[in-house]
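Reader: Hey, got a minute to walk me through this one? I'd like to start with the strands and then hop around a bit.

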Amino acid sequence: MSQETAPRKAVIIGAGPVGCLTAIALAKQGWLVDIYEGRPDLRLPSSKSAAQQRSINLAVSSRGISALQAIDPGASDRFLNAAIPMRGRMIHDLQGRQQSQAYDRNGQCINSIDRALLNEDLLEEAVRVPGVKVFFKHKVLSIDFDTKNVSAKSDTGEDLTVPFDFCIGADGSYSIVRRQMMRVVRMDYQQTYIPHEYLELRMPAGPSSEPNGEPTFLLDPHHLHIWPRHSFMLIALPNKDKTFTCTLFAPTSEFERLDSREKTLKWFEANFPDALPLIGEEALLRDFENNPRSALITVKARPYHYKDRGIIIGDAAHSMVPFYGQGLNCGLEDVRVLDLLLRKYEVDPAFHPAAGQEDTRLARALHVYSETRYEDLITISDLAMDNYTEMRHSVTTPAYLFRKSLDNILYYLTAPGASLVRPEELNARAAAQQEPFPATHPAGWLPLYTMVTFRPDISYATVRRKARRQGDILGYATWAAAAVTVGTLGITCAHLWRRFRGSPSAA
């Protein structure tokens, strides 16, 4: 095979789920793929213990599943077998009462899965694909996009220069690829820390109902459990071993006040009285003392690419707060969109442009990705922040419950079955139309959560535009209902007052 016909090399920085799925996609198109990861191989026992110190649960929904199915159907099937479906939210009030709020009237679910399990599965799949190599404990130091070289240091201290034809940054919120790309691209960039943090807690499995039997769940495993407390909240997601991973989100100032064991227990007992005995006092205190508090960050950037030479995807391009459960889903969707555009513009992995020249097809595909994906990514980042207010506060208010009920009534009357979009159906339509989001004008009334979570054929930007129009209608309806209620109450009071004044006993 001559140099002119040999496959070109794509270098991916980051071996997380997004990086691994990108490697699979590019290798299946015919690229040679090298993945460089600064951390050790996560499949090693020594890596697994470190992973327990950070969030180990993911809530994967239709967008992520559709992306997996488009690139690697086998991984999609294995994921569904390993996941626990959650049909809705379970709201816990201060008295320990529970209220179920279904996610979708057709019974569709989001899925709780162990982060490491998904990452390991995609990593195993990637290394099995011909043409993919993974280099762990290799720290990237710099990237020269003009000479197409990555400078890295191996775990043995060796300095390496790695040539590439196409570089993909899937290396997270603090991306070295993004920082290096800023040297050659006039990139608009915004990084925001919100004044809240999160802490991981663990709820153990319950005792077996039979001698020597399997352990049990202490809470209903088919719900995402939420303890909304206005300015902070606790959530719990189920694991296959019958435990729950709990995450406490709170303002930094709130955490700072919990500077002793006694204060922590009193605060937790006052705010989460039904969760405390399930977690256990000693386990709670141990997690507070040993698990790190982590920051919540939003990253926005534009553009995402440089010529035909590099692109950033996943958290490297659009880190968001986790309150819509779309961070990973969105990152996996990035891969599906990029894969489709590379195919649409017929990018040839074996085409080697002359020295100093660009691959115009690849440059065009990356440019279209940057231009069309930007509005979607800004939209879901903003929606994720908005959903924090909903989860920790709005879900308990009468106005929210009224709007949600009206939302569902209109959904039922105008769009029967409209949320049922199977991944295979989406991917077939997207391939046929060469458009990642075929539903550009979705019909009927669709709740915002349904569109974001269960309609991967609708882009995030289209979701927001449709939701705003529907929100205006809901707002008018809420005001009208309030006016009718106040008017009815006023008429009733006036009637009672007239009867009271006309009563003989009123004299």
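Reader: OK, first up: is strand S1 largely enclosed or open, and why?

Author: Keep in mind that this is a predicted model. Strand S1, residues 9-13, has four of its five residues buried, so the rest of the structure largely encloses it.

Reader: And how does S1 run relative to S2, parallel or antiparallel?

Author: Parallel, with five bridges joining S1 to S2, which covers residues 32-36. Within that pairing, Ile12 sits opposite Ile35 of S2. To get from S1 to S2, the chain passes through helix H1 (residues 17-29), and this β-α-β crossover is right-handed.

Reader: Which strand pairs with S1 over four bridges?

Author: That's S12, residues 166-169, and the pairing is in the parallel sense. Val11 has Cys167 in S12 as its bridge partner.

Reader: Back to the helix for a sec. Thr22 is in H1, right where I'm looking. Is Thr22 buried or exposed?

Author: Buried: its relative accessible area is 2%, and the cut-off for that label is under 20%.

Reader: What is Thr22 in contact with, leaving aside neighbours within four places in sequence?

Author: Ile12, Ile168, Ile313 and Val335. Ile12 is the residue that stands opposite Ile35 in S2.

Reader: Switching topic. How many residues of helix H3 are buried?

Author: Nine of the 10, so to speak a mostly covered helix, spanning residues 62-71. Among the buried ones are Arg63, Gln69 and Ile71, and Ser62, Gly64 and Leu68 are also included.

Reader: Now Leu160. Where is the place of that residue?

Author: Leu160 is in strand S11, which takes in residues 159-163.

Reader: What does Leu160 touch, not counting residues up to four places away in sequence?

Author: His138, Val150, Ser151, Ala152 and Ser154. As for Val140, it is 20 residues from Leu160 in sequence, with 9.2 Å between their C-alpha atoms.

Reader: Last one, the surface. Which residues form a nonpolar patch there?

Author: Ile409, Tyr412 and Leu413, which together have about 370 Å² of accessible area. Ile409 belongs to helix H14, residues 398-414.

Reader: What is the relative accessible area of Ile409?

Author: It's 47%, so Ile409 counts as partly exposed. The exposed label needs over 50%.

Definitions and conventions. Residues are numbered from 1 along each chain as its sequence is written. This is a predicted model: local features need pLDDT of at least 70, side-chain atom pairs count only at pLDDT 80 or more; totals for chains, interfaces and linings use all residues. Side-chain values use heavy atoms; hydrogens and water are left out. Buried means under 20% relative accessible area, exposed over 50%, partly exposed in between (1.4 Å probe, protein chains only). Helices (H or I, at least four residues) and strands (E, at least two) are DSSP runs, numbered from the N terminus. Two strands pair if DSSP finds at least two bridges between them. A crossover is right-handed if, with the strands pointing away from the viewer, the path from the first strand over the helix to the second runs clockwise. Contact means heavy atoms within 4.5 Å. Patches are made of residues with over 30% relative accessible area and no salt bridge: like charges are joined within 9 Å, nonpolar side chains (Val, Leu, Ile, Met, Phe, Trp, Tyr) within 5 Å. Accessible areas come from the Shrake-Rupley method with a 1.4 Å probe; for residues, only the protein chains shown count as cover. A salt bridge is a side-chain nitrogen of Lys or Arg within 4 Å of a carboxyl oxygen of Asp or Glu.
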